[in-house]
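Me: Could you take a close look at one of the open sheets in this model for me, strand by strand? I'd also enjoy hearing about the other sheet and the aromatic side chains afterwards.

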Amino acid sequence: MSSSCCTKGPGYTSPLEAMKNGPREKILYVAMIPCQEDQPNYLATIDVDPTSNNYQQVINRLYVPNINDELHHFGWNVCSSCHDDCNKQRRFLVLGGFKSSRIYIVDTSDEKKPSLYKTIESDELKKLDLTAPHTVHCLGSGEIMISCLGNAKGEQPGGFMLLNQNFEVIGRWNDGNSPSSVQFYYDFWYKPRFNIMVSSEWAAPNIFDKGFNPNDVALNKYGHSLHFWDWSKRKYLKTIDLGEDGSIPLELRFCHNPTTPYGYVVCALGSSVFRYFPDDSNEWQVEKVIQVESLTGNDGQPVPAIISDMLISLNDKFMYFCNWLHGDIRQYDITNPSKPKLTGQIWLGGLIKTDNDFNDKRSLTGGAQMIQLSLDGKRLYVTNSLYSSWDDQFYPKMKNDGSYLVKIDCDSENGGMKLDQNFYISFKNEPNGPSRAHEMRYPGGDATSDIWN
């Protein structure tokens, strides 16, 4: 296969090539959950092209044919892991229904008007004794791997499932090798050159679905560990307990450079960031590199940050994460991987401050929760819904106000962030009433969808 042919494969040759030559995003796909449970979830297509007459408008809504799905995370059928395969195309989105355990396959051939291509019913997942699909990653083989948080009854343990290129359920990733020591599942990321995969933990669906009960933490019903897996053999290697400071480790990211062997995980309840890395003997280790201290709430009680989402710029220079209860978004320079340096902070709607960084101090319900960074690292998009029952518990006004979408301009060279005062989208007056906004994707790939082999 000639090199000229292979340039036509999906994605980019390297993270830096994506950062330098990738197109500016013009379309933003957002998973939307109506606050009225009798209404269908939908994929919103939003125009983010500042030269467009439809800038900052929802230009299409693809409603799924069911209710109570709770669309959550989603990913692409292929990415840069398949860049050398000229026959593959980044065309389909894979959206998991967190509550229903359905998986929707969406065709984006018409980028501005995606269409539903296929529905995988929950029975297909339950045949594998799995429910609650979460993280979606495409593999270099063309298969699609999805983490699932529960078994068929919504209890622990979950596991990893695989779809083939025709979006058929073909089994578990580690079929016949499911360790009893791994009970909780959530996010995962793999690093082929180091033959490693790392996975994190939340809780069983039956636990987190009803809202957060602190007593469940004491009863060990929430995770606090990272798990390491042999990527090529699909075999469990080891678990590292992060302790109390590492309670509820959620989003994790390896650095994008395929030759960089370390990454980071944010721990929601522990309000901390750990780095994971191989030591000189190639044994995987962890170190805590950031601790966000609790702040005093309006009732005088300490409020943990609840770090909910995190990503790394494609040049591996900056880390961004959200403190959902505090309400701030942070940018850290990670040039020194063991000593991240805070270089930017933006305040939106949280439980701590009564104002925010909008000049007009507009009312914002809910702290920053999900983020997505442009390929060039200059624009960070932010939504505020975590999970409907948790939204209702911590930000009950969101049910009437819906979500918001804002944009932060980022200095991708020297660090620093500035809230775009002229970019604000409210989802309060959607056609079927207020709606919650969760994960975001761009048609050309983004800072969390692609993995380089």
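Reply: Happy to! In this predicted model, the sheet to start with is an open one of four strands, and its order is β12-β13-β14-β15. The pairing in this sheet is antiparallel. At the edges you will find β12, residues 188-191, and β15, residues 235-241, each of which pairs on one side only. From one strand to its neighbour the turn averages 20 degrees, with direction ignored.

Let's zoom in on the middle of that order. Strand β13 covers residues 196-199 and strand β14 covers residues 225-230. Four bridges hold these two together in the antiparallel sense. If you would like a specific position to display, pick Val198, which stands opposite Phe228 in β14.

The other sheet can be read in the same way. It is open too, with four strands in the order β8-β9-β10-β11 and antiparallel pairing. Here β8 (131-138) and β11 (169-172) take the edge places with a single partner strand each, so one side of each has no neighbour in the sheet. The twist in this sheet averages 30 degrees from one strand to the next. Between β8 and strand β9 (residues 144-150), which run antiparallel, there are five bridges. Thr131 is found opposite Gly150 in β9.

Now for the rings. A search of the whole structure turns up 37 aromatic pairs. One of them is Phe254 with Trp284, an edge-to-face pair with centres 6.1 Å apart and planes at 80 degrees. Phe254 belongs to strand β16 (residues 249-254) and Trp284 to strand β19 (residues 284-291), so this contact ties together parts that are 30 residues apart in sequence. Both partners are worth checking for exposure: Phe254 is buried, at a relative accessible area of 0%. Trp284 has a value of 8% and counts as buried because the limit is under 20%.

Ring pairs also build a cluster, whose members are Phe98, Tyr186, Trp202, Phe208, Phe212, Tyr222, Trp324, Tyr387, Trp390, Phe394 and Tyr395.

Finally, two arginines may appeal to you as a computational chemist. Arg275 lies over the face of Phe277, 4.2 Å from the ring centre. Over the ring of Phe358 sits the charged end of Arg362, at 4.2 Å from the centre of that ring.

Methods: Residues numbered from 1 in each chain as written. Predicted model: local features only at pLDDT ≥ 70, side-chain atom pairs only at ≥ 80, totals over all residues. Heavy atoms only, no water. Pairing = 2+ DSSP bridges. Axes fitted to C-alpha atoms, helices over the stretch in contact; angles between N-to-C directions. Phe/Tyr/Trp six-rings, centres within 6.5 Å; stacked < 30°, edge-to-face > 60°. Buried < 20%, exposed > 50% of the residue type's maximum accessible area, 1.4 Å probe, protein only. Lys NZ or Arg CZ within 6 Å of the ring centre and 35° of its normal.
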